[in-house]
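Subject: Structure for your review

Dear colleague,

Please find the structure below, followed by an account of what was found in it. I would be grateful if you could read the two side by side.

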Amino acid sequence: TSWCPGGWGVTAGTHTLEWDMNYTNAVPEISYTNDQVQGVFTVTGVDIVAQRAYMRTAAGSGTEVSAPSVGQTVYFTVDWQIAGASNAVAVTDRAVLDGTTFCSGSNTLGNGNFTAWCTGGWTATAGSHTLEWDLDYTNSITETNETNNTAVEAFSVVTDLDLVAQRAY
């Protein structure tokens with residue numbers, strides 16, 4: 001499997017993707033005529049994709065946290081993408097913790113990969129929680145796929161236990 005390490009800002013229209021696996025003919029082969037593969041695809045409109053929801057130790061930066069400790073402050077974060085836009089679009093976003101909106105906002109952006117976060121932190125409380133990011137939650141943008149606008153992360157915060165020996169007798 002081969003891939004390009006950088007992303008491509010998808011644009012509307014018909015595109016041709018071609019891979020040439022031995023384009024310099026550096027590897028001796030019986031036949032060089034079968035080294036290419038090509039695909040044609042059409043992007044018909046805008047698609048907003050929520051890629052993953054997670055937590056960090058600081059707003060917009062910091063270390064990623066998968067299981068916060070009780071009392072730890074974390075910042076809800078989402079990685080997402082806009083593809084197929086011919087102009088910038090206004091995308092609403094919101095972070096929902098356990099069914100209640102924690103923060104919301106809006107960004108006007110063109111094609112690309114983005115990260116959004118809540119500017120205020122959440123102080124972790126014990127229990128099982130669900131973080132959900134909803135993009136275009138007002139449904140103001142007509143998309144080619146309306147089912148990929150949500151990223152969900154379920155996590156648990158456990159109380160740190162400390163066993164203390166008090167006396168021996």
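A search of the whole structure, which is a predicted model, finds 1 disulfide. The two partners are Cys103 and Cys118, with their sulfur atoms 2.0 Å apart. This pair links distant parts of the chain: Cys103 belongs to strand 7, while Cys118 lies in the loop between strand 8 (112–117) and strand 9, 15 residues apart. The link of Cys103 and Cys118 is left-handed, with -70° about the S-S bond. Both Cys103 and Cys118 are buried. As a reminder, a disulfide is a covalent bond between the sulfur atoms of two cysteines.

Salt bridges come next; the count is 3. In one of them, the side chains of Glu64 and Arg52 meet at 3.0 Å, N to O. Glu64 lies in strand 4 (residues 61–65) and Arg52 in strand 3 (residues 47–58), so this pair ties together parts that are 12 residues apart in sequence. Glu64 counts as partly exposed because its relative accessibility is 41%, and Arg52 is likewise partly exposed, at 34%.

Arg52 also meets Asp79 in a salt bridge, here at 3.2 Å, N to O. That contact links distant parts of the chain, with Arg52 in strand 3 and Asp79 in strand 5, 27 residues apart. Asp79 has a relative accessible area of 16% and is therefore buried. Arg52, Glu64 and Asp79 are thus linked in a network of salt bridges. Arg52 has a further contact, with an aromatic ring: its charged end sits over the ring of Tyr54, 3.7 Å from the ring centre.

Another salt bridge joins the side chains of Asp134 and Arg94 (3.3 Å, N to O). Asp134 is in strand 10 and Arg94 in strand 6 (residues 89–97), so the pair ties together parts that are 40 residues apart in sequence. Asp134 counts as buried, at 9% relative accessibility, whereas Arg94 counts as partly exposed, at 25%.

Turning to the aromatic side chains, the search of the whole structure finds 4 aromatic pairs. Among them is the edge-to-face pair of Phe76 and Phe102, which has 5.0 Å centre to centre and 75° between the planes. It links distant parts of the chain: Phe76 is in strand 5 (residues 73–83) and Phe102 in strand 7 (residues 100–109), 26 residues apart. Phe76 is buried, with a relative accessible area of 0%, but Phe102 counts as partly exposed at 30% relative accessibility.

Trp122 and Phe155 also form an edge-to-face pair, at 5.9 Å centre to centre and 75° between the planes. Since Trp122 lies in strand 9 (residues 122–123) and Phe155 in strand 11 (residues 150–157), the pair ties together parts that are 33 residues apart in sequence. Trp122 and Phe155 are buried. Ring pairs link Phe76, Phe102, Trp122 and Phe155 into a cluster.

Two points on the surface and the loops remain. Trp8, Leu17 and Phe41 make a nonpolar surface patch of about 290 Å². Within this patch, Leu17 is found in strand 1 (residues 13–20) and counts as partly exposed, at 46% relative accessibility. Asn139 is found in the loop between strand 10 (127–135) and strand 11, and counts as exposed at 53% relative accessibility. Asn139 and Val91 are 48 residues apart in sequence and 9.1 Å apart in space, C-alpha to C-alpha.

With kind regards

Definitions and conventions. Residues are numbered from 1 along each chain as its sequence is written. This is a predicted model: local features need pLDDT of at least 70, side-chain atom pairs count only at pLDDT 80 or more; totals for chains, interfaces and linings use all residues. Side-chain values use heavy atoms; hydrogens and water are left out. Rings of Phe, Tyr and Trp (its six-membered ring) pair if their centres lie within 6.5 Å; planes under 30 degrees apart count as stacked, over 60 as edge-to-face and the rest as tilted. Helices (H or I, at least four residues) and strands (E, at least two) are DSSP runs, numbered from the N terminus. Buried means under 20% relative accessible area, exposed over 50%, partly exposed in between (1.4 Å probe, protein chains only). A charge sits over a ring if NZ of Lys or CZ of Arg is within 6 Å of the ring centre and within 35 degrees of the ring normal. Patches are made of residues with over 30% relative accessible area and no salt bridge: like charges are joined within 9 Å, nonpolar side chains (Val, Leu, Ile, Met, Phe, Trp, Tyr) within 5 Å. Accessible areas come from the Shrake-Rupley method with a 1.4 Å probe; for residues, only the protein chains shown count as cover. A salt bridge is a side-chain nitrogen of Lys or Arg within 4 Å of a carboxyl oxygen of Asp or Glu. A disulfide is a pair of cysteine sulfur atoms within 2.5 Å.
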